[in-house]
Amino acid sequence: MDEIITDAIVGRGPLRPPTPAELSVLSAIFDTFVSPVAGTDHGLPPALAALRASGHLDPAAVLADLGRKIPPANMRKLIMVLNLLSRPSGTWIFSGARHAKSFSELSTAEREAVLSGWANSANPLNRSLFAMFKGMTLLSLYGSLALDHPTSAELGFHPPPLPAPGVVPDPALKFVQQPVSAELECDAVVVGSGAGGGVAAAVLARAGYRVIVVDKGGWEPRSTQNQLEGLSKMYDMGGMLSSEDAAIAIMSGSTVGGGTAINWCASLKPQHFVREEWAERHGLPYFVSPEYSSALDAVCDGIGATAEGIQHNRVNQLFCDGCRKLGMAVADIPQNTRGQAHDCGMCGMGCAQGILPNCRVDRVIIENGEARGIECFVAGKNRHLGKHLGLHPVALTLGRFPDPVDMYRGSMMTAVSTAVESHNGGGLNDPKKAKYVGRHYGTKLECTSLSPMFLAMILPWRNGPEFHKSLLADYRHLAPVMVITRDRDRRARVAVDADGEPKVSFDLSPFDEANLVEGLIRAAAVLLAAGANRVFTTHQGVDPFDVAAVRKAGCRPLQAPLFSAHQMGSCRMGSSPKRSVINPRGETWEVKGLYVADASTFPTSTGVNPMVTTYSMGYSIANFLVKDDPECERMAAQRVVVAEKPVVAEKPAPVVASASRESKAAKAAVSAKVLATPVASRL
């Protein structure tokens with residue numbers, strides 16, 4: 001039905017430009033979220049009080065930029081909504097039969113009432129519209145403000161300056177720029193340069209394979225402190241990737257290095273109870289073997305992960321103090337900084353301190369059931385493909401402290417509390433199920449650093465701009481605690497639409513929701529113990545801090561902003577094709593020579609920041625491949641003997657490949673001959 005209405009309003013074929021009436025509606029929406037606050041008794045800084053979105057945002061430019069980021073189907077639906085709101089009949093429907101004129105013709109108070117009605121509506125569609133327009137407005141506005149803008153100065157956001165050119169050398173990467181129809185030959189092609197693909201490529205190269213790494217993202221050294229530009233260049237869909245209903249924002253790296261390029265240095269190994277669960281419940285004994293422990297040690301040594309040299313910033317130190325006052329477990333998070341202090345505060349925008357970039361893989365070439373190359377998505381027949389998507393859903397509790405804490409200064413994430421990691425649904429666990437179902441499922445509490453752009457996006461907006469601006473004005477005094485859920489039931493899944501673009505569906509089970517709510521409440525207790533004079537969540541309709549109201553509101557989708565920085569499990573590993581996509585050696589059950597070696601292989605969510613686990617998967621599966629390949633020794637010898645023109649083995653060696661994004665179902669390809677088609681890095 002949505003497609004029929006969209007076609008009738010927007011038309012078929014190439015997306016038409018927005019009409020003046022549609023642009024007028026979008027401008028009115030911008031100004032409803034952010035407009036000047038009248039009077040002088042509001043206590044807001046003058047520039048923030050006077051800030052108006054339309055003074056900085058051009059609706060046509062915002063839509064054009066958005067069109068380069070999100071799938072065409074989503075863009076068409078957005079234009080459809082703007083068109084309906086430009087008509088009296090459409091506004092009448094979306095306002096609950098209260099107003100029969102164009103949205104842009106409504107008074108400010110009427111527009112604020114409509115948006116507030118969407119935010120608190122029982123209709124999920126209305127809540128989705130609110131989340132979509134809120135995110136679009138606040139990300140675009142606060143992300144584009146220069147650091148010398150008066151509002152930035154009033155908020156006190158002054159990140160350390162970028163190092164001078166040449167002070168921090170770029171990685172020694174060999175980039176291959178090829179024409180559209182280029183044909184390349186190699187022994188191994190690795191799809192994706194993230195934690196899994198990067199390590200797999202290194203293992204294979206050291207074993208003698210000629211390796212090409214392809215990545216749909218480009219190489220983006222951090223050369224700007226513009227928040228929106230960093231988001232656009234280094235995140236999937238420019239930071240606009242979300243579930244179909246906008247219930248959870250999915251922050252996924254889309255650049256050379258994948259998620260490692262925007263990682264916050266957190267380097268936690270998978271806990272042993274996770275490894276035991278994988279071994280006992282999923283038939284994967286390797287994960288409790290000394291060999292896997294050696295793999296973890298090898299990758300941690302390679303990235304310099306250690307807890308030595310950690311210097312907690314103000315927010316992390318307050319978090320540690322609050323946990324200890326309550327007798328809650330708290331520990332340092334190892335950092336991949338080789339024991340050196342790391343205090344840029346902007347790692348999420350790309351750390352300042354032979355790959356074929358801008359190349360999206362569209363097809364794996366399969367001959368006689370064996371992967372032979374890529375054509376730069378494989379829609380497999382395995383029923384688990386794309387399912388079991390773990391997202392580690394995250395919600396936030398914030399505390400306001402009397403003195404500035406400057407969350408963005410210093411190391412970003414250096415402490416973790418495991419006090420609620422085994423809440424197990426708060427009585428919702430089913431004791432009749434297997435021993436690991438519900439065991440050690442709960443939340444981790446970690447501090448985070450948010451730029452004004454990200455903070456503005458998640459803060460609640462109620463009944464006009466003054467409430468939101470008053471919260472944002474406390475930027476220097478706010479300390480956020482992330483509640484990271486080890487999602488047991490993993491009701492998310494990823495599929496591909498008619499345009500070949502990813503679409504993610506998401507739901508939060510009552511069990512996982514109960515864990516998330518308990519984490520929010522425990523985080524509030526920690527912040528109060530640390531000296532906060534006010535704590536609050538990001539719920540639209542919950543006052544600071546009403547425990548009963550938080551429990552009643554819950555964290556069902558679109559009740560409070562949720563986001564995911566960790567995606568895993570959509571090509572999970574197992575001992576049988578009846579329960580998994582790949583076998584214990586990382587090879588797909590259906591296609592010989594097609595391997596997967598990234599976070600999508602995880603049998604369950606890990607419950608910790610998954611970078612180290614992903615590294616270890618790439619390391620382990622690439623080593624499995626080398627050990628299992630009868631051609632490996634001969635190819636290695638050929639590489640040593642032939643210096644100028646390496647000899648291609650007669651039989652192409654199977655090779656692992658990995659993608660830095662979770663949204664494509666099949667992520668691997670192997671070949672001695674690779675057809676790579678560079679495309680724009682829009683997806």
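Two strands count as paired if DSSP finds at least two bridges between them, and strands themselves are DSSP runs of E with at least two residues, while helices are runs of H or I with at least four, all numbered from the N terminus. With that in hand, meet the hairpin made by S15 and S16, which has five residues between its strands. The model is predicted, so local features need pLDDT of at least 70 and side-chain atom pairs count only at pLDDT 80 or more, whereas totals for chains, interfaces and linings use all residues. Residues are numbered from 1 along each chain as its sequence is written, and side-chain values use heavy atoms, leaving out hydrogens and water.

**The hairpin**
- Strand S15 (residues 493-496) runs antiparallel to strand S16 (residues 502-505), and four bridges join the two.
- Val 496 sits opposite Pro 502 of S16.
- In the turn, Gly 500 has a positive phi of about 80°.

**Aromatic rings**
- Rings of Phe, Tyr and Trp (its six-membered ring) pair if their centres lie within 6.5 Å; planes under 30 degrees apart are stacked, over 60 edge-to-face, and the rest tilted.
- Searching the whole structure turns up 14 aromatic pairs.
- Phe 287 and Tyr 292 are an edge-to-face pair, because their ring centres are 4.9 Å apart and their planes are at 75°.
- Phe 287 and Tyr 292 are both buried, meaning under 20% relative accessible area (exposed is over 50%, partly exposed in between, with a 1.4 Å probe and protein chains only).
- Tyr 408 and Tyr 475 have centres 6.1 Å apart and planes at 15°, so this pair is stacked.
- That stacked pair links distant parts of the chain, 67 residues apart: Tyr 408 is in the loop between strands S11 (394-400) and S12 (415-417), and Tyr 475 is in the loop between helix H16 (465-472) and strand S14 (478-485).
- Trp 278, Tyr 286, Phe 287, Tyr 292, Phe 602 and Phe 624 make up one aromatic cluster.

**Charges over rings**
- A charge sits over a ring if NZ of Lys or CZ of Arg is within 6 Å of the ring centre and within 35 degrees of the ring normal.
- Arg 486 lies over the face of Tyr 441, 3.9 Å from the ring centre.
- Arg 585 does so with Phe 624, at 4.1 Å from the ring centre.

**Helix H12**
- Buried residues in helix H12 (residues 272-281) include Phe 273, Val 274 and Trp 278.
- The buried residues of H12 pack against helices H13 (290-303) and H19 (611-628), where contact means heavy atoms within 4.5 Å.
- After H12 comes Gly 283, with a positive phi near 70°.

**Cores**
- A nonpolar core is a set of buried Ala, Val, Leu, Ile, Met, Phe, Trp, Tyr and Cys residues joined through side-chain atoms within 4.5 Å.
- The largest nonpolar core has 123 residues, and Phe 103, Trp 118, Phe 133, Tyr 142 and Leu 455 have the most contacts inside it.
- Another core, of 44 residues, lies apart from it, with Val 213, Tyr 292, Tyr 595 and Val 596 among them.

**Cysteines**
- The whole structure has zero disulfides, a disulfide being a pair of cysteine sulfur atoms within 2.5 Å.
- The sulfur of Cys 323 has its closest cysteine sulfur in Cys 320, 6.8 Å away, which is too far for a bond.
- Cys 320 counts as buried at 1% relative accessibility, and Cys 323 does at 0%.

**Ala 479**
- Ala 479 is in strand S14 and is buried, with a relative accessible area of 2%.
- Ala 479 touches residues including Val 315, Thr 397 and Leu 527.

Terms used
Lists of a residue's contacts leave out its neighbours within four places in sequence.
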